[in-house]
Every structure is written in C-alpha cells, then in structure tokens.
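Please open the structure in your viewer and keep the sequence panel beside it, since this tour moves from one selection to the next.

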Amino acid sequence: MNKRLEEKILAEIRKRVIEKDLELQEKNEDEIIREANIEVLTELTNLSKKEVEEIAKVVRSEVKLEADKNRKKTIYLSIAASFVILIFLIIFWPEAPLKEVLVEDSFTDNTYGWDIFDKYKYKKTIQNGFYIFEPNVEGWCYWDDINIEFPENYDVYVNSLWKHGKFDSYGFTLHQNSDNYCAFQIKADGTAFYGKVVETKWVYEGSWKSKKANSSEMKKPNTQLVKVRAGNFSYYVNNNIVEEGNLGLNISGIGLRACGQQQVAFDNLKIINVDNDEIVFEESFETPSSKWAPSEKMIKQTYFENGEYIFRTNGDDCMWSISSKHIISNNCEITLSSTWLSGEMANYGLMILQDNLNYISCEFKNDGNIRLVKSENGEYTDIQDYVKTKFISNGSLKHRQKAILKNGLLEYFIDDEFVQSISLDGINPSKIGLRVCEKQTVAFDNLSITTFE
C-alpha cells in the first residue's frame, strides 16, 4: 500500500479513538457526579440512600416531562406561525404573470378579416355551356386554339357575351400557326377590328370601326361571321360588314382570344362547308370537345374551406395575408397550425409585423429547414442560418408553429421544440401575417394568441 495513504488511515483511526474516549470519559464523569450527589445527600439527611435515589428519580422524570411539554408547545407555535405566514403570502403576495387567451381563430370563416386574394394572369374555364375567358394583365392576350382541316370555301360563326371588365379586344383568330394569324376582334364599346400578324409582327392593323357590335349597355350577345371564298374573306359583326380582304395564309386552325382585363363568355362556334352545307366543326360547350385546353395562370389566391385558410401562390417572391383584427404586443405567445399541401420547396409560415416593411418572418420549408428573418424599413437586417429539423412535410402532416414574444426576444418553436430566437429590437409588433413564397399551397388553421400581462 502507498505509504502516504497508510499514514492517512492511521491518523484517522487515532482521531476517532480519541473522540470515542472523550465521549466515554464525559459519560463516566456524569455518572460519578450523580453518584457523589446521592452519597452527600444521604450523609446530610436522615434518609436512606434508596429513598434519596427514589426522590432523584421522581425529580428527573418531572423535569423531563416539563421539557417535553415546552418542546411540543414550541413546535405547535412554530406550525401556527408558519400557517399564518402562508395565509398572508396567499392573500398579499404579488400574483405571477398568467396567460390570458385573447384570440382563438378556427378559420371556419373570415371573422378576423384576413386578406382575400384572387389575383391571376388569366383563367379559361368551361362551365354551363360557355367557354369563359378572364384575362387579367393589361396589354396581354390569351387564347385557346384547335387545329381544323378547312375546306376551300367556308363560313365561321362565333357567338360571345361580354360580362365585365375593361373595354379591350376579344374575338377569334384564323391561324396558320401561333406566329401567323388573322385576328377578328370586337370590344364592349361596340367597335370591331381586323388585323393580321406574320412572323409575330403586325403587318396590317385596321382601324376600329364603331357601331358594329352590341355595346355593354345593351347586354346582348354578339355574333361574328367570317365568310371565306378561295382565300378571300368578308368579316361581319351582327350582320354589319367590318372589313374585306385576302387572308394570305394557309389556315389550319381557329382560336378563341381575349385581351386585357375583362371576362368574356363564348358559345356556339360553328364552321360550315358552304359548298355542300356540311358542318366541319361545331361547339356549343355543353359537352365540349377534348381539343380545348382550359387552364389558369394564378398569382395568389386565398379562400376558406373546411376550417382552413388555403393560401395558393404562383410567383417568384413571397406574399402574405394580414388579419385586420388580430392585434398583438411584444409580450404574448402565438401558436399556428399549418399543413403544406403541394408545390415546390419554398418558405412559408408565421409573420410578426409592425407594418409591411418592418417585420420578423418565421420561415418554414417542407424539407424541414427553418429560420428567422428580420426586415427593417424594407431591408433584411438579420437573416439567420437555416436549422435542419425532423419536421418534414409530405402533403398531409400538420405542424404547430409557436412564437413567444417576451423580454425583447422572439423565441420560435416547431411542435414545442425550440428552433431559434431573434431580437425584437427595431420591431414594435402589432399584427400577424401568414406568408407563402414562390409556387406552393399551404393550409393554415387553429391560430391562438395569449398574453402574459
């Protein structure tokens, strides 16, 4: 054994032996003193030693009993005092901050005034016997065309009804291909027009002729008619001649078309071979031909459905919706459930806003990457690194985002797991936003706001 360790052990043994010996000595001394007292009292009195010992025994018992009573009394007093103090603390001690529920938004309706968007470049839909065109970009035209084998001599009839919007051009085209076509157009102000495009450039643009079509005030449909005979054409609107000329193209198809920002409903398109009165093609849009290709180019759209606020985006940047009635402060907790439904991998989630230029964005991706971003006066001043988490979305998984605003910080959680924090410095929170970026669809539901005040 190590010599130093052995010396340490022996020293500890000596220490404990001496302590035990002192204890025994003190006990023996107490016994000697008590015995001496008995002997002295026996000699000084007429009592026997046994009688003195009996008296000593009684006295000793009485003194111990009184000491026990005093000790119990002290304990009872201590308990009573503690109880009084406890009652005092319950009544007068300042209450700890409690959470007070301010808002529970189930998204069953738009009680809290979320933004409703229906912004799109165009919509082309077939419904109730009409092919409805809704272009929504000034200066742009959208169409749908089908290929047809035309005879040498034919008539083309197109019926349409203008619904609402700008007085921009709409009608149909006879085309060789998408770069070469003749356009037969009308407007809701009652004017009509013919033009020709070769290799994507207008080579002929006739003037707009007034009082040819039914205007919007008349609320009547228009019938456009083009008669083609051996390459030459005559263009009519409601039997009013608009223009005559030579097509100058090998026509192989027809297209319906609308421009600008308006809604137009087409029906009863018909092409007749005038040499034998046979119908080359007819479309009432009651049971439409599969050759048509209805479609839409949406930018952003929001709507309520089955207790969810659906947010669809189709752009290259971020878009958000703000509630007009959800008011927050820098001392609250916000929870929001959401489900990524479809689209590309891009940011979405909760926003804490002062206004549209000053905010903190809680950015969640469907691959589980999460971060916080701060914008001040429209400039990003704090872009945190993405944190890779296990919270991956597959189109049906619901995740709960939580933001705790307290002590000048925003702490961000997903499904109660802490992710990141960011300073509220420079942001005075007052509003909540729901943010979706680029091309994806997200369903938001079950928003709650609580306060610590």
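Is N377 buried or exposed? Select N377 to begin: N377 is exposed, with a relative accessible area of 62%, where buried means under 20% relative accessible area, exposed means over 50%, and partly exposed lies in between, computed with a 1.4 Å probe and protein chains only. The place of N377 is in the loop between β19 (369-376) and β20 (379-383), and its phi is near 55 degrees, a positive value in a residue other than glycine. Helices (H or I, at least four residues) and strands (E, at least two) are DSSP runs, numbered from the N terminus.

Before going further, note that this is a predicted model, in which local features need pLDDT of at least 70 and side-chain atom pairs count only at pLDDT 80 or more, while totals for chains, interfaces and linings use all residues. Residues are numbered from 1 along each chain as its sequence is written, and side-chain values use heavy atoms, with hydrogens and water left out.

**The whole chain**

Zoom out and colour by secondary structure: the chain holds two helices and 25 strands. Of its 453 residues, buried residues make up 41%. If you turn on contacts (heavy atoms within 4.5 Å), then among those with a separation of 6 or more, 63% are between residues 24 or more positions apart. With the surface displayed, the chain exposes about 25,700 Å², of which carbon and sulfur atoms supply 51%; accessible areas come from the Shrake-Rupley method with a 1.4 Å probe, and for residues only the protein chains shown count as cover.

**Salt bridges**

Next, display the charged side chains and look for salt bridges, defined as a side-chain nitrogen of Lys or Arg within 4 Å of a carboxyl oxygen of Asp or Glu; the count comes to twelve.

Select R400 and D416 first: they form a salt bridge with the closest N and O atoms 2.5 Å apart. The pair links distant parts of the chain, with R400 in strand β22 (residues 398-406) and D416 in the loop between β23 (409-414) and β24 (417-423), 16 residues apart. R400 is partly exposed at 29% relative accessible area, and D416 is likewise partly exposed, at 46%. While D416 is selected, inspect its backbone as well, since the phi of D416 is near 70 degrees, a positive value in a residue other than glycine.

Now move to R229 and D155, which form a salt bridge whose closest N and O atoms are 2.9 Å apart. This pair also links distant parts of the chain, R229 lying in strand β9 (residues 222-229) and D155 in strand β4 (residues 153-165), 74 residues apart. R229 counts as partly exposed, at 35% relative accessibility, whereas D155 is buried, at 9%.

Then select E363 and R435, a salt bridge with the closest N and O atoms 3.5 Å apart. E363 is in strand β18 (residues 359-364) and R435 in strand β25 (residues 431-451), so that the pair links distant parts of the chain, 72 residues apart. E363 is buried, with a relative accessible area of 2%, and R435 is buried too, also with 2%. Add R371 to the selection, and you will have E363, R371 and R435, which are linked in a network of salt bridges.

**Loop residues and a charged patch**

Which residues does L397 contact, leaving aside its neighbours within four places in sequence? They are S338, T339, W340 and I392. L397 itself is found in the loop between β21 (387-388) and β22 and is partly exposed, with a relative accessible area of 38%. Draw a C-alpha to C-alpha distance from L397 to W340: the two are 57 residues apart in sequence and 7.4 Å apart in space.

Go on to T287, in the loop between β13 and β14 (295-305), which counts as exposed at 69% relative accessibility. The C-alpha atoms of T287 and N128 are separated by 9.6 Å, although the two residues are 159 residues apart along the chain.

Finish by selecting E152, D275, D277 and E278, which form a negative surface patch. Patches are made of residues with over 30% relative accessible area and no salt bridge, like charges being joined within 9 Å and nonpolar side chains (Val, Leu, Ile, Met, Phe, Trp, Tyr) within 5 Å. Lys and Arg count as positive and Asp and Glu as negative, while His and the chain ends are not counted; the place of a charge is taken as NZ of Lys, CZ of Arg, CG of Asp or CD of Glu. Within this patch, D275 lies in the loop between β12 (253-273) and β13 (278-283) and is exposed, with a relative accessible area of 53%.
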